[in-house]
Amino acid sequence: MNDQAGRRRARRLAIGTVVVLALAGMNGPWLYRFGTEKYHQYQINKPEYKAENGKWEVVEFPEEYRQNTIHAALLRTGKVLLVAGSGNNQDNFDAKKFDTRIWDPVKGTIKKVPTPSDLFCTGHTQLANGNLLIAGGTKRYEKLKGDVTKAGGLMIVHNENPDKPITLPAGTKFTGKENGMTFVSKDSIIVPRAKKNFDKATGKFLGNTPGIYRVYVEAQKSGEKYATGTQDNYRIQGLSGTDARNTYGIAQKLALDKKDFQGIRDAYEFDPVAERYIKVDPMNEARWYPTLTTLSDGKILSVSGLDDIGQLVPGKNEVFDPKTKKWTYLDKVRQFPTYPALFLMQNGKVFYSGSNAGYGPDNVGRDPGIWDVDSNKFTKLSGLSDPTLMETSGTVLLPPAQDEKFMVVGGGGVGESAQSSNKTRIIDLKADNPKFVDGPTLEKGTRYPSSSILPDDTVLVSGGSEDYRGRGDSNILQARLYHPDTNTFEEVADPLVGRNYHSGSLLLPDGRVMFFGSDSLYSDKANTKPGKFEQRIEIYTPPYLYRDSRPSLSGGPQTIERGDSGTFTSQHASTIKKVRLIRPSASTHVTDVDQRSIALDYKVSGDKITVTVPKNKNLVQSGWYMLFVDDDQGTPSKAQWVKVP
């Protein structure tokens with residue numbers, strides 16, 4: 001712990017000790033009756049305590065506006081988009097009850113927004129025009145093995161006709177040639193035509209490569225006797241002539257095994273001014289649990305996810321062009337687990353920290369590294385501690401972003417593992433030979449930690465649980481401020497609400513931090529009582545907002561080009577010591593690849609502050625940002641919104 005943190009800790013203990021001794025001296029039995037909880041409330045509401053530790057407050061929406069928030073994004077209007085979709089609730093999904101709210105944290109107003117698809121476990125990122133791109137979501141809920149009544153699985157449909165594709169409607173029947181069993185497709189599909197192959201040197205025809213398409217099929221009736229155990233070829237009912245000869249299905253065993261979630265292709269832009277979803281072209285691949293990341297050319301990379309038959313997308317990544325609103329595949333494949341933490345670097349490459357949120361084999365795509373998307377070259381990075389405990393870890397680009405240092409926080413074992421890591425790992429990507437080194441340890445092994453960058457260059461790390469989805473009543477009610485300059489944690493006030501799976505946090509324009517979600521499997525140590533989704537919002541007010549005053553900031557241009565300057569007004573200009581441009585968050589499953597804090601050069605003249613935006617487009621991606629100024633006490637102003645075109 002650094003000297004400053006040590007003094008604060010000592011002061012906190014001293015304050016508490018003085019109060020205890022004073023009360024005990026007045027009336028020991030009264031102190032006992034007063035109760036631990038009442039005394040705790042008394043202590044944490046003392047001005048001195050809040051100035052050292054900050055303050056947590058719970059926001060509970062009126063019942064009609066409550067929802068199971070899975071995704072949250074700060075909009076350029078200062079409002080917060082809260083997206084539930086079906087909210088991990090099968091009844092909502094079956095009833096097509098999909099929810100979105102817009103919350104104004106200043107006015108306290110809440111608005112319901114019509115939600116066009118089940119955007120549960122979608123991907124999202126901020127666009128240059130200030131809209132939020134949202135892609136993917138849920139087509140089908142998972143079914144555990146004991147709940148599956150109809151045998152089913154993947155049917156690979158082949159088309160050997162090079163002259164035309166074949167369209168098969170939903171409900172198409174496939175009958176096995178050997179087993180004689182019939183399975184029914186759940187979706188309509190178009191099987192592409194076969195490809196003719198020729199020897200380039202001689203021009204000799206070498207035969208056709210069948211066009212293929214995958215579709216999920218189920219048995220017509222329930223029961224184990226309708227399951228298959230081996231591969232078989234399937235004829236397709238309803239086809240005749242050459243279509244019947246050229247088109248067929250092949251399936252491995254079709255069984256009563258667990259059925260994973262299935263994704264959708266749907267994509268939307270959310271307009272923060274009109275406050276509505278705008279449909280854009282769907283992705284080429286259905287995706288559930290994808291990550292969206294902005295690339296150097298301004299296009300949006302969509303990676304990973306479970307597809308429309310519940311299998312991990314096999315490395316077929318694609319990009320969205322905000323100008324044409326179209327998606328195109330990358331030329332080469334690269335596979336990652338779901339919700340991989342991918343960050344654009346200043347050289348235009350993409351850093352993968354190894355953090356992810358779950359699905360995928362434990363030996364594919366989990367090594368951290370630097371990805372050249374254009375060439376598909378992937379350079380692995382060494383030094384990562386607890387490398388097998390990266391699932392449900394969090395990754396944050398430490399401030400200021402120019403330093404290109406990242407911190408990976410906590411994590412757990414693959415799947416429903418009870419293992420968790422108390423490690424933090426730091427990597428400096430500007431080093432000649434970048435490798436991970438351990439940072440300060442957490443008190444407990446931590447899955448699902450939330451990390452939010454603050455305008456004073458600290459990072460608030462809070463929440464999480466020791467076990468998978470908070471099993472065993474293992475939520476961690478602790479918060480720490482990480483100081484990048486000293487590589488230390490400072491203890492601050494403890495949160496009031498536990499946060500694990502389906503949780504996240506984001507910085508608000510007034511310098512506070514909002515926390516949302518949490519989806520515990522159980523609510524007791526014995527794991528006998530089902531958990532309840534945490535619908536309450538919690539706000540953390542950092543210590544810097546309990547000082548005597550904060551610097552003002554007003555005026556100035558709404559748009560500043562990269563490399564250009566803009567002049568703002570502050571009555572406290574002479575006290576300003578740093579200026580930060582912070583990209584608004586889009587957070588889900590403890591994954592937030594949007595947030596970054598960029599240091600700006602500045603000059604002061606009287607009550608004027610002239611700030612200059614760096615030229616590097618990979619450092620300062622096009623879009624809307626919060627502009628903060630910090631005074632000599634480290635107290636930030638309220639943010640001014642600035643667009644970098």
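Select Asp456, Asp457, Thr458, His483 and Asp485: among the 30 residues that line the second largest pocket, these lie nearest its centre. The model on the screen is a predicted one. The space in this second largest pocket amounts to about 570 Å³.

Next, colour the elements that give two or more residues to the lining of this second largest pocket: helix H1 (3-26), strand E36 (479-483), strand E42 (576-582) and strand E47 (623-631). Strand E36 supplies the largest share, three residues. If the lining of the second largest pocket is coloured by residue type, 12 residues appear as charged, 10 as nonpolar and eight as polar.

Now move to the largest pocket, which has a volume of about 810 Å³. Select Glu142, Phe261, Tyr359, Tyr468 and Arg469, the closest to its centre of the 32 residues that line the largest pocket. Coloured by type, the lining of the largest pocket shows 13 nonpolar, 11 polar and eight charged residues.

The tour continues with strands. In general, the strands of a sheet pair through backbone hydrogen bonds, in either a parallel or an antiparallel manner.

Select residues 291-294, which form strand E22, and then strand E23, residues 300-303; four bridges join the two strands, which run antiparallel. Within this pairing, Thr294 has Ile300 of E23 as its bridge partner. E22 and E23 form a hairpin with five residues between them. Stop at Gly298 in the turn, where phi is positive, at about 90 degrees.

Stay on E23 and add strand E24, residues 318-321; E23 and E24 are antiparallel and joined by three bridges. Here Ile300 stands opposite Phe320 in E24. Are the residues on the two faces of strand E23 buried or exposed? Show the side chains: Ile300 and Ser302 on one side, and Leu301 and Val303 on the other, are all buried, and both faces of the strand are covered.

For the last stop, display strands E41, E46 and E45, which in that order make up an open sheet of three strands with antiparallel pairing. Strand E41 (565-569) and strand E45 (601-605) are the edge strands, each pairing on one side only. Viewed along the sheet, neighbouring strands are turned by 25 degrees against each other on average, with direction ignored.

Finally, zoom in on E45 and strand E46 (residues 608-612), which pair in the antiparallel sense over five bridges. Select Tyr602 and look across to E46, where Val611 stands opposite.

How values were computed: Residues are numbered from 1 along each chain as its sequence is written. This is a predicted model: local features need pLDDT of at least 70, side-chain atom pairs count only at pLDDT 80 or more; totals for chains, interfaces and linings use all residues. Side-chain values use heavy atoms; hydrogens and water are left out. Two strands pair if DSSP finds at least two bridges between them. Axes are lines fitted to C-alpha atoms, for helices over the stretch in contact, and angles run from 0 to 180 degrees between N-to-C directions. Buried means under 20% relative accessible area, exposed over 50%, partly exposed in between (1.4 Å probe, protein chains only). On a 1 Å grid over the protein atoms alone, a cavity is a set of points where a 1.4 Å probe fits but cannot get out, and a pocket is an open set with protein on both sides within 12 Å along at least five of seven lines; lining residues have an atom within 4 Å of a point. Grid points are joined across faces, edges and corners, and a volume is the space filled by probe spheres set on the points. Ala, Val, Leu, Ile, Met, Phe, Trp, Tyr, Cys and Pro count as nonpolar, Asp, Glu, Lys and Arg as charged, and the others, Gly among them, as polar.
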